[in-house]
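Please open the model in your viewer and keep the sequence panel beside it, so that each selection can be followed in both. The tour moves from the whole chain to single residues.

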Amino acid sequence: MNSHPQGEAETAAAPRQPLRRPTEQRESGPPWSSYVYAIGRAESGLDTAAPRLTGLRGGRLRTVTAGRLTALVSSVPADAFSTEGMKAQLENLTELEGIARTHHTVVEAAHTGTMVLPMRLATVYLDDARVRSMLRERDAEFDALLSRLEGHTELGVKVYADPRAAAADPPPATGGPDPAASPVSPGRAYLRQRRTQHDACRAAGALADDVRVRVAPLARDRVAHRPQQRELASGAGENIANEAYLVPMDRIREFHEALAGLADGVPGVRVEVTGPWAPYSFATPPTESRSA
(Lines give C-alpha, C1' and ligand atoms only; values in the text may rest on other atoms or scores of the structure.)
Protein backbone atom coordinates (compact mmCIF):
# COMPACT_ATOMS: atom_id res chain seq x y z
CA MET A 1 0.00 0.00 0.00
CA ASN A 2 1.22 3.49 -0.73
CA SER A 3 2.68 5.73 1.96
CA HIS A 4 0.51 8.34 3.62
CA PRO A 5 1.58 11.77 2.34
CA GLN A 6 0.12 13.91 5.08
CA GLY A 7 2.99 15.79 6.64
CA GLU A 8 1.64 17.14 9.93
CA ALA A 9 0.06 15.20 12.77
CA GLU A 10 -3.28 16.45 14.07
CA THR A 11 -4.37 16.28 17.71
CA ALA A 12 -8.01 17.46 17.52
CA ALA A 13 -10.55 14.65 17.23
CA ALA A 14 -13.33 14.81 14.64
CA PRO A 15 -16.90 14.92 16.00
CA ARG A 16 -18.49 11.48 16.15
CA GLN A 17 -21.72 12.44 14.38
CA PRO A 18 -21.24 15.70 12.45
CA LEU A 19 -24.52 17.20 11.28
CA ARG A 20 -23.00 18.02 7.92
CA ARG A 21 -19.61 18.12 6.37
CA PRO A 22 -18.05 21.40 5.28
CA THR A 23 -18.42 22.27 1.60
CA GLU A 24 -15.17 24.23 1.76
CA GLN A 25 -12.13 23.00 3.61
CA ARG A 26 -11.20 25.38 6.42
CA GLU A 27 -7.60 26.53 6.01
CA SER A 28 -6.92 26.06 9.74
CA GLY A 29 -6.91 22.29 9.18
CA PRO A 30 -8.44 20.52 12.22
CA PRO A 31 -10.66 18.66 12.49
CA TRP A 32 -10.73 18.03 8.73
CA SER A 33 -8.10 17.11 6.16
CA SER A 34 -8.31 17.14 2.36
CA TYR A 35 -8.41 13.75 0.63
CA VAL A 36 -7.45 13.94 -3.06
CA TYR A 37 -8.96 11.39 -5.47
CA ALA A 38 -7.89 12.61 -8.90
CA ILE A 39 -6.47 15.54 -10.86
CA GLY A 40 -7.66 16.90 -14.18
CA ARG A 41 -7.46 20.06 -16.21
CA ALA A 42 -9.25 23.12 -14.89
CA GLU A 43 -11.56 23.25 -17.91
CA SER A 44 -12.39 19.52 -17.85
CA GLY A 45 -15.76 19.87 -16.10
CA LEU A 46 -14.80 18.27 -12.79
CA ASP A 47 -16.41 21.18 -10.94
CA THR A 48 -19.73 20.18 -12.53
CA ALA A 49 -19.30 16.47 -11.74
CA ALA A 50 -18.12 16.94 -8.13
CA PRO A 51 -21.50 17.80 -6.50
CA ARG A 52 -22.99 14.56 -7.86
CA LEU A 53 -20.34 12.37 -6.20
CA THR A 54 -19.99 11.08 -2.65
CA GLY A 55 -16.61 10.47 -1.08
CA LEU A 56 -15.22 8.72 1.97
CA ARG A 57 -17.31 8.81 5.14
CA GLY A 58 -20.17 10.20 3.04
CA GLY A 59 -18.30 13.44 2.40
CA ARG A 60 -19.39 15.73 -0.43
CA LEU A 61 -16.94 16.18 -3.29
CA ARG A 62 -15.57 19.57 -4.31
CA THR A 63 -12.80 20.87 -6.55
CA VAL A 64 -9.62 22.74 -5.66
CA THR A 65 -8.11 24.66 -8.59
CA ALA A 66 -4.71 26.23 -9.15
CA GLY A 67 -3.69 27.46 -12.59
CA ARG A 68 -4.33 24.82 -15.27
CA LEU A 69 -5.17 22.00 -12.85
CA THR A 70 -8.10 20.95 -10.68
CA ALA A 71 -8.10 18.38 -7.88
CA LEU A 72 -11.16 16.38 -6.87
CA VAL A 73 -11.30 16.52 -3.07
CA SER A 74 -13.46 15.67 -0.07
CA SER A 75 -13.06 16.38 3.64
CA VAL A 76 -12.11 13.50 5.94
CA PRO A 77 -11.65 13.40 9.73
CA ALA A 78 -8.10 14.49 10.46
CA ASP A 79 -7.55 11.94 13.23
CA ALA A 80 -8.76 8.95 11.23
CA PHE A 81 -6.66 9.97 8.22
CA SER A 82 -3.50 11.04 10.02
CA THR A 83 -0.43 8.85 9.55
CA GLU A 84 -1.29 6.63 12.52
CA GLY A 85 -5.03 6.63 11.83
CA MET A 86 -4.51 5.69 8.20
CA LYS A 87 -2.06 2.95 9.14
CA ALA A 88 -4.68 1.38 11.40
CA GLN A 89 -7.31 1.53 8.65
CA LEU A 90 -5.05 0.02 6.00
CA GLU A 91 -4.16 -2.88 8.30
CA ASN A 92 -7.85 -3.78 8.56
CA LEU A 93 -8.93 -5.58 5.38
CA THR A 94 -12.56 -4.53 5.82
CA GLU A 95 -11.62 -0.86 6.25
CA LEU A 96 -9.14 -1.09 3.39
CA GLU A 97 -11.74 -2.59 1.08
CA GLY A 98 -14.21 0.18 1.90
CA ILE A 99 -11.67 2.95 1.28
CA ALA A 100 -10.48 1.37 -1.96
CA ARG A 101 -14.02 0.84 -3.25
CA THR A 102 -15.06 4.44 -2.57
CA HIS A 103 -11.83 5.83 -3.99
CA HIS A 104 -12.22 3.75 -7.14
CA THR A 105 -15.90 4.67 -7.57
CA VAL A 106 -15.13 8.40 -7.39
CA VAL A 107 -12.19 8.14 -9.81
CA GLU A 108 -14.10 6.09 -12.37
CA ALA A 109 -17.10 8.44 -12.23
CA ALA A 110 -14.83 11.45 -12.72
CA HIS A 111 -13.01 9.66 -15.53
CA THR A 112 -16.21 9.26 -17.54
CA GLY A 113 -15.99 11.73 -20.39
CA THR A 114 -12.66 13.30 -19.40
CA MET A 115 -9.08 12.31 -18.62
CA VAL A 116 -8.06 12.37 -14.97
CA LEU A 117 -4.94 11.28 -13.13
CA PRO A 118 -5.98 8.91 -10.32
CA MET A 119 -4.16 9.61 -7.08
CA ARG A 120 -2.79 6.89 -4.84
CA LEU A 121 -5.04 5.47 -2.18
CA ALA A 122 -4.85 7.66 0.97
CA THR A 123 -3.44 10.79 -0.64
CA VAL A 124 -4.29 13.22 2.16
CA TYR A 125 -3.24 16.83 2.68
CA LEU A 126 -3.57 19.03 5.73
CA ASP A 127 -6.00 21.38 3.98
CA ASP A 128 -6.99 22.83 0.61
CA ALA A 129 -4.17 25.37 0.70
CA ARG A 130 -1.66 22.49 0.66
CA VAL A 131 -3.51 20.91 -2.26
CA ARG A 132 -3.25 24.20 -4.21
CA SER A 133 0.45 24.39 -3.46
CA MET A 134 0.95 20.86 -4.74
CA LEU A 135 -0.93 21.67 -7.96
CA ARG A 136 1.22 24.77 -8.56
CA GLU A 137 4.48 22.96 -7.87
CA ARG A 138 3.69 20.02 -10.14
CA ASP A 139 1.76 21.87 -12.82
CA ALA A 140 4.16 21.03 -15.67
CA GLU A 141 4.49 17.37 -14.67
CA PHE A 142 0.76 16.75 -14.37
CA ASP A 143 -0.06 18.69 -17.53
CA ALA A 144 2.43 16.57 -19.49
CA LEU A 145 0.96 13.38 -18.03
CA LEU A 146 -2.56 14.39 -18.96
CA SER A 147 -1.41 15.11 -22.53
CA ARG A 148 0.34 11.73 -22.74
CA LEU A 149 -2.64 9.76 -21.43
CA GLU A 150 -5.33 11.57 -23.41
CA GLY A 151 -7.21 9.14 -25.64
CA HIS A 152 -5.90 6.08 -23.76
CA THR A 153 -7.25 3.75 -21.11
CA GLU A 154 -5.85 1.07 -18.82
CA LEU A 155 -6.56 -2.62 -19.36
CA GLY A 156 -5.46 -5.25 -16.88
CA VAL A 157 -4.36 -8.81 -17.67
CA LYS A 158 -4.03 -11.47 -14.98
CA VAL A 159 -2.87 -15.02 -15.52
CA TYR A 160 -3.80 -17.68 -12.96
CA ALA A 161 -2.57 -21.23 -12.35
CA ASP A 162 -5.05 -23.53 -10.62
CA PRO A 163 -3.53 -26.98 -10.01
CA ARG A 164 -6.88 -28.29 -8.71
CA ALA A 165 -8.54 -27.45 -12.00
CA ALA A 166 -5.65 -29.03 -13.86
CA ALA A 167 -5.94 -32.23 -11.82
CA ALA A 168 -9.69 -32.34 -12.44
CA ASP A 169 -9.22 -32.37 -16.23
CA PRO A 170 -9.20 -35.99 -17.46
CA PRO A 171 -5.97 -37.02 -19.20
CA PRO A 172 -6.19 -37.81 -22.90
CA ALA A 173 -7.08 -41.41 -23.71
CA THR A 174 -4.03 -43.52 -24.53
CA GLY A 175 -5.56 -46.96 -24.83
CA GLY A 176 -3.52 -48.18 -21.89
CA PRO A 177 -4.71 -49.22 -18.44
CA ASP A 178 -6.68 -46.68 -16.47
CA PRO A 179 -4.37 -45.24 -13.77
CA ALA A 180 -7.38 -44.62 -11.55
CA ALA A 181 -8.06 -48.34 -11.47
CA SER A 182 -4.85 -48.96 -9.53
CA PRO A 183 -4.46 -47.92 -5.88
CA VAL A 184 -2.12 -44.97 -5.38
CA SER A 185 0.04 -44.68 -2.29
CA PRO A 186 -0.06 -41.41 -0.27
CA GLY A 187 3.52 -40.67 -1.30
CA ARG A 188 2.82 -41.14 -4.99
CA ALA A 189 -0.37 -39.06 -4.71
CA TYR A 190 1.63 -36.24 -3.13
CA LEU A 191 4.25 -36.35 -5.87
CA ARG A 192 1.54 -36.37 -8.52
CA GLN A 193 -0.07 -33.34 -6.88
CA ARG A 194 3.24 -31.45 -6.79
CA ARG A 195 3.94 -32.33 -10.42
CA THR A 196 0.48 -31.11 -11.43
CA GLN A 197 1.07 -27.86 -9.52
CA HIS A 198 4.46 -27.36 -11.14
CA ASP A 199 3.09 -28.08 -14.61
CA ALA A 200 0.22 -25.62 -14.17
CA CYS A 201 2.53 -22.83 -12.94
CA ARG A 202 5.01 -23.46 -15.75
CA ALA A 203 2.22 -23.40 -18.35
CA ALA A 204 0.83 -20.19 -16.85
CA GLY A 205 4.26 -18.55 -17.02
CA ALA A 206 4.66 -19.48 -20.67
CA LEU A 207 1.19 -18.21 -21.45
CA ALA A 208 1.96 -14.90 -19.67
CA ASP A 209 4.94 -14.48 -22.01
CA ASP A 210 2.62 -15.11 -24.96
CA VAL A 211 0.23 -12.43 -23.68
CA ARG A 212 3.01 -9.82 -23.77
CA VAL A 213 3.97 -10.72 -27.31
CA ARG A 214 0.40 -10.63 -28.60
CA VAL A 215 -0.58 -7.26 -27.16
CA ALA A 216 2.75 -5.43 -27.56
CA PRO A 217 1.70 -3.84 -30.90
CA LEU A 218 -1.57 -2.66 -29.34
CA ALA A 219 -0.28 -1.02 -26.16
CA ARG A 220 1.68 2.15 -25.64
CA ASP A 221 3.08 1.09 -22.28
CA ARG A 222 3.07 -1.81 -19.81
CA VAL A 223 3.47 -2.05 -16.03
CA ALA A 224 4.11 -5.36 -14.27
CA HIS A 225 2.51 -5.35 -10.83
CA ARG A 226 3.26 -7.75 -8.01
CA PRO A 227 1.02 -10.85 -8.27
CA GLN A 228 -1.97 -10.62 -5.96
CA GLN A 229 -2.12 -12.62 -2.76
CA ARG A 230 -4.69 -15.40 -2.69
CA GLU A 231 -7.06 -13.55 -0.36
CA LEU A 232 -7.08 -10.51 -2.68
CA ALA A 233 -7.24 -12.33 -6.00
CA SER A 234 -10.52 -12.26 -7.91
CA GLY A 235 -10.56 -15.94 -8.77
CA ALA A 236 -9.32 -19.40 -7.81
CA GLY A 237 -5.71 -20.37 -8.21
CA GLU A 238 -2.37 -18.61 -7.90
CA ASN A 239 -1.91 -15.27 -9.63
CA ILE A 240 1.18 -15.77 -11.80
CA ALA A 241 1.12 -12.49 -13.76
CA ASN A 242 -0.60 -9.19 -12.96
CA GLU A 243 0.02 -6.56 -15.60
CA ALA A 244 -1.48 -3.28 -16.76
CA TYR A 245 -1.43 -1.96 -20.33
CA LEU A 246 -1.96 1.56 -21.62
CA VAL A 247 -4.13 1.09 -24.69
CA PRO A 248 -5.56 3.63 -27.18
CA MET A 249 -9.33 3.83 -26.85
CA ASP A 250 -9.83 2.79 -30.46
CA ARG A 251 -7.83 -0.43 -29.99
CA ILE A 252 -9.65 -1.91 -26.99
CA ARG A 253 -11.55 -4.42 -29.14
CA GLU A 254 -8.36 -5.56 -30.87
CA PHE A 255 -6.75 -6.07 -27.48
CA HIS A 256 -9.57 -8.36 -26.32
CA GLU A 257 -9.56 -10.24 -29.61
CA ALA A 258 -5.80 -10.83 -29.37
CA LEU A 259 -6.26 -12.67 -26.08
CA ALA A 260 -9.56 -14.41 -26.76
CA GLY A 261 -9.31 -18.17 -26.18
CA LEU A 262 -5.61 -17.99 -25.35
CA ALA A 263 -5.93 -20.37 -22.38
CA ASP A 264 -8.30 -22.79 -24.11
CA GLY A 265 -6.93 -26.31 -23.90
CA VAL A 266 -4.37 -25.40 -21.21
CA PRO A 267 -5.47 -27.28 -18.06
CA GLY A 268 -5.51 -25.23 -14.89
CA VAL A 269 -4.58 -21.92 -16.56
CA ARG A 270 -6.89 -18.93 -16.81
CA VAL A 271 -6.51 -15.45 -18.34
CA GLU A 272 -8.56 -12.54 -17.02
CA VAL A 273 -8.79 -9.20 -18.85
CA THR A 274 -10.17 -6.27 -16.83
CA GLY A 275 -11.07 -2.68 -17.64
CA PRO A 276 -11.16 -0.26 -19.20
CA TRP A 277 -10.03 1.74 -16.18
CA ALA A 278 -8.75 5.20 -15.45
CA PRO A 279 -4.95 4.98 -15.93
CA TYR A 280 -4.00 4.18 -12.32
CA SER A 281 -0.78 2.43 -13.26
CA PHE A 282 0.48 5.22 -15.51
CA ALA A 283 -0.29 8.33 -13.44
CA THR A 284 2.47 9.63 -11.19
CA PRO A 285 0.84 10.79 -7.94
CA PRO A 286 2.24 13.27 -5.42
CA THR A 287 4.95 11.91 -3.15
CA GLU A 288 5.02 13.70 0.19
CA SER A 289 2.56 16.52 0.83
CA ARG A 290 3.95 20.04 1.14
CA SER A 291 2.44 20.79 4.54
CA ALA A 292 5.11 23.00 6.04
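What follows is a walk through a predicted model, with a selection to make at each stop.

**The whole chain**

Begin with everything selected and coloured by secondary structure: the chain contains eight helices and nine strands, and 45% of its 292 residues count as buried. If you switch to a surface display, the chain exposes about 15,300 Å², of which carbon and sulfur atoms supply 52%. Among contacts between residues at least 6 apart in sequence, 80% join residues at least 24 apart.

**The largest nonpolar core**

Next, select Tyr35, Tyr37, Leu56, Leu61, Leu72 and Phe81, which have the most contacts inside the largest nonpolar core, a set of 24 residues. Strand S1 (32-41), strand S3 (69-77), helix H2 (83-90) and helix H3 (93-111) each supply at least two residues of this core, and the largest share, five residues, comes from H3. In soluble globular proteins, nonpolar side chains tend to be buried together.

Now centre the view on Tyr35 and show its surroundings. Which residues does Tyr35 touch, once those up to four places away in sequence are set aside? Among them are Leu56, Leu72, Val73 and Phe81, together with Ile99, His103, Leu121 and Ala122.

**Two residues with positive phi**

Keep Ala122 selected, since this contact of Tyr35 has a feature of its own: its phi is positive, about 70 degrees, although Ala122 is not a glycine. Ala122 sits in the loop between S4 and strand S5 (124-125), and because its relative accessible area is 1%, under the 20% cut-off, Ala122 is buried.

Then move to Arg57, another residue other than glycine with a positive phi, here near 55 degrees. Arg57 is placed in the loop between helix H1 (46-49) and strand S2 (62-66). Is Arg57 buried, partly exposed or exposed? Its relative accessibility is 43%, and Arg57 therefore counts as partly exposed.

**A loop residue after H3**

Select Thr114, which belongs to the loop between H3 and strand S4 (117-118). Because its relative accessibility is 19% and the cut-off for buried is under 20%, Thr114 counts as buried. Apart from neighbours within four places in sequence, the contacts of Thr114 are Ser44 and Leu46.

**Strand S6 and its partners**

Go on to strand S6, residues 152-161, where 10 of the 10 residues are buried, so that the strand is largely enclosed by the rest of the structure. In a regular strand the side chains alternate between the two faces of the sheet. Colouring the residues of S6 in two sets will help here: His152, Glu154, Gly156, Lys158 and Tyr160 point one way, Thr153, Leu155, Val157, Val159 and Ala161 point the other way, and all of them are buried.

Add strand S8 (residues 238-248) to the selection, which runs antiparallel to S6 and is joined to it by 10 bridges; to find the register, look for Gly156, which stands opposite Ala244 in S8. Then add strand S9 (residues 269-277), which pairs with S6 in the antiparallel sense over seven bridges, and find Val273 in S9, the bridge partner of Val157.

**The last stop**

Stay with S9 and select Pro276, which lies in that strand. What kind of peptide bond joins Gly275 and Pro276? The bond is cis, with omega about 10 degrees.

Key. Residues numbered from 1 in each chain as written. Heavy atoms only, no water. Helix = DSSP H or I, 4+ residues; strand = E, 2+ residues; numbered from the N terminus. Buried < 20%, exposed > 50% of the residue type's maximum accessible area, 1.4 Å probe, protein only. Contact = heavy atoms within 4.5 Å. Areas by Shrake-Rupley, 256 points an atom, 1.4 Å probe, with all protein chains shown as cover. Core = buried A, V, L, I, M, F, W, Y, C linked by side-chain atoms within 4.5 Å. Pairing = 2+ DSSP bridges.
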